[in-house]
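This report describes a structural model, taking its confidence, its chains and the packing between them in turn. The sequence and coordinates are shown below.

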Amino acid sequence: MSASAELTSQEYIRHHLSNLTVGEGFWTVHVDTLGWAVFLGFIFLLTFRSVAKKATTGVPGKLQCAVEMIVEFVDDSVKSTFHGKNPLIAPLALTIFVWVLLMNAMDWVPVDLLPHLIHWVTGIELSHIYMKPVPTTDPNITFAMAFGVFFLVIYYSIKVKGLGGFIKELTTQPFGHWSLYPVNFILETVTMLARPLSLALRLFGNLYAGELIFLLIATIGLFQLPVHFLWAAFHLLVIPLQAFIFMMLTIVYLSLAHEDH
Amino acid sequence: MDINATLIGQLVAFVVFVIFCMKYVWPPIIGAIEARQATIADGLAASDRAAKDLELAQEKATAQLKEAKIEAASIVDAAKKHEAKIVEEAAGKAQAEKEKILASGHAEIETERNRAKEELRQQVAVLAVAGAEKILERSIDAAAHSDILDKLVAEL
């Protein structure tokens, strides 16, 4: 890469892993990852909304067929796991699946393409351009979604089982004796908190690692081209799989919240 | 890995997107899919029903055809019988007519023959007398020998 000629590999990678930021301290906002996330979310919603508006019960068009395939896939996944009635879970699962899929798919955009485009259009020095286009390599993004799911799990746990039932579930198992209730509570709370944490970190870890390898490959000179191709082909598996896992675990956690033990 | 306000921004976006999807995206699409599934199920059921109806109709048609064949056969049979009867009657009539004609013909021939016989008999008598006259050279008295002649005539 032309930029790496003046930079060491370490500096090059660190530069590429830095976000475009606005603000200070906690009130920093990663404009690039959040911007791409919202942009991709809009692409998803506008595409699906345009199909929903023109949805015909007769012979569907090609776009409607594609959208219906995804919707039916999500609907089948939800119905095979969650047996109650909840109008939120299926749309939530659809949003998570498609949105995460699109955010993960940004991994396929060559790592230097966007900075060079911005350099070419605006003329800003490459070393001053920070652009991290894969939102799911930003823990803020994955944690935000995992927390959203976590709040819903707690909300439905309390709504379905009542506050007493929810506390009872946290304290009376796995050990049935009253003297062990505090131990139960600690165990169950850890289990509870581990869910959003693992959900967020799994997605972040997989995509961050993938992005890091792309950056490492970008530093090896001419031979990077076939290696880039192989790594991108491997992501044909990683990208949909991680989106599917995030969606599936969301459904499982929410269906657990609806079930009495 | 620093957690900051990006998380809040993403959380807000997430909530808004999910609500939008729940209100405006999911229901129309899943509704269209389910309506189409219902239509297809109805169509399949209708085609099943139609196939069953067709089978029934074919059975009925076969039965009717069989009935019609039997009826046609009986009609043909009756017609044949009737025909035979007519032919028989006509033959009978013709036979009777023939016999009548033959009988009248025979009767006519018989009377004709009798008349000819009578005529012949008389002519033979005359001829015999004439011949005898010629043979006996007028020596025979016709009146004296008439009893012999009568006997001769009777023998003829």
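What is the mean pLDDT of chain B, and what share of its residues reach 70 or more? The model is a predicted one; chain B has a mean pLDDT of 90, with 96% of its residues at 70 or more. For the model, the scores are ipTM 0.88 and pTM 0.75.

**Architecture of chain A**

Chain A contains 8 helices and 2 strands. Their order along the sequence is α-β-β-α-α-α-α-α-α-α. The C-alpha trace of this chain extends over about 65 × 55 × 35 Å along its principal axes. Chain A has 261 residues, of which 34% count as buried. When contacts in chain A between residues at least 6 apart in sequence are considered, 69% of them link residues at least 24 apart.

**The nonpolar core**

The largest nonpolar core comprises 64 residues. Those with the most contacts inside it are A:A93, A:L94, A:I96, A:F97, A:W99 and A:V100, together with B:I29 from chain B. Two or more residues are supplied by each of α2 (31-54), α3 (62-81), α4 (89-105), α6 (139-171), α7 (181-218) and α8 (224-258) of chain A, and by α1 (5-136) of chain B. Helix α4(A) provides the largest share of this core, 13 residues.

One of the residues with the most contacts in the core is A:W99. Apart from residues up to four places away in sequence, A:W99 touches A:L40, A:G41 and A:F44 in chain A, and B:F17 in chain B.

**The contact between the chains**

How many residues does each chain bring to the contact? Chain A brings 41 residues and chain B brings 28. On the side of chain B that touches chain A, 22 residues are nonpolar, 5 are polar and 1 is charged.

Part of the picture between the chains is given by α3(A) and α1(B), whose axes are 10 Å apart and which pack at an angle of about 90 degrees. The two helices are therefore roughly perpendicular to each other. On the α3(A) side the residues are A:V67, A:E68, A:V71, A:E72 and A:D75, and they meet B:I29, B:I30 and B:I33 of α1(B). By class, this helix contact has 5 nonpolar and 3 charged residues, and no polar ones. B:I29 thus appears in this helix contact, and B:I29 is also among the residues with the most contacts inside the core.

A further link between the chains involves B:N4, which is located in the segment before α1 of chain B. Leaving aside neighbours within four places in sequence, B:N4 contacts A:F26, A:W27, A:T28 and A:N140. B:N4 counts as partly exposed because it has 18 C-beta neighbours inside 10 Å.

**Packing of α7 and α8 in chain A**

Are α7(A) and α8(A) roughly parallel or roughly antiparallel to each other? Their axes come within 10 Å and cross at roughly 175 degrees. An angle over 145 degrees counts as roughly antiparallel, and α7(A) and α8(A) are therefore roughly antiparallel to each other. Residues of α7(A) in this contact include A:R195, A:L199, A:L203, A:L207, A:I213 and A:F214, while those of α8(A) include A:V227, A:W231, A:V238, A:I245, A:F246 and A:L249. The contact of α7(A) with α8(A) divides by class into 14 nonpolar, 6 polar and 2 charged residues.

**Two exposed positions in α3 of chain A**

Helix α3 of chain A contains A:C65 and also A:K79. A:C65 is exposed, since 11 other C-beta atoms lie within 10 Å. A:K79 likewise counts as exposed, with 12 C-beta neighbours inside 10 Å.

**Separations in sequence and in space**

The table sets sequence separation beside the C-alpha to C-alpha distance for pairs that include residues discussed above.

| Pair | Separation in sequence | C-alpha to C-alpha distance |
|---|---|---|
| A:C65 and A:F44 | 21 residues | 15 Å |
| A:K79 and A:M247 | 168 residues | 13 Å |
| B:N4 and B:A57 | 53 residues | 77 Å |

A:K79 and A:M247 thus lie 13 Å apart in space with 168 residues of separation in sequence, whereas B:N4 and B:A57 are 77 Å apart with a sequence separation of 53 residues.

How values were computed: Residues numbered from 1 in each chain as written. Chains lettered and ligands numbered in written order. Predicted model: local features only at pLDDT ≥ 70, side-chain atom pairs only at ≥ 80, totals over all residues. Core = buried A, V, L, I, M, F, W, Y, C linked by C-beta atoms within 7 Å. Buried ≥ 20, exposed ≤ 12 C-beta atoms within 10 Å, placed from the backbone. Helix = DSSP H or I, 4+ residues; strand = E, 2+ residues; numbered from the N terminus. Contact = placed C-beta atoms within 7 Å. Nonpolar A, V, L, I, M, F, W, Y, C, P; charged D, E, K, R; others polar. Axes fitted to C-alpha atoms, helices over the stretch in contact; angles between N-to-C directions. Parallel < 35°, antiparallel > 145°, perpendicular 65-115°, else oblique. pLDDT = per-residue confidence, 0-100.
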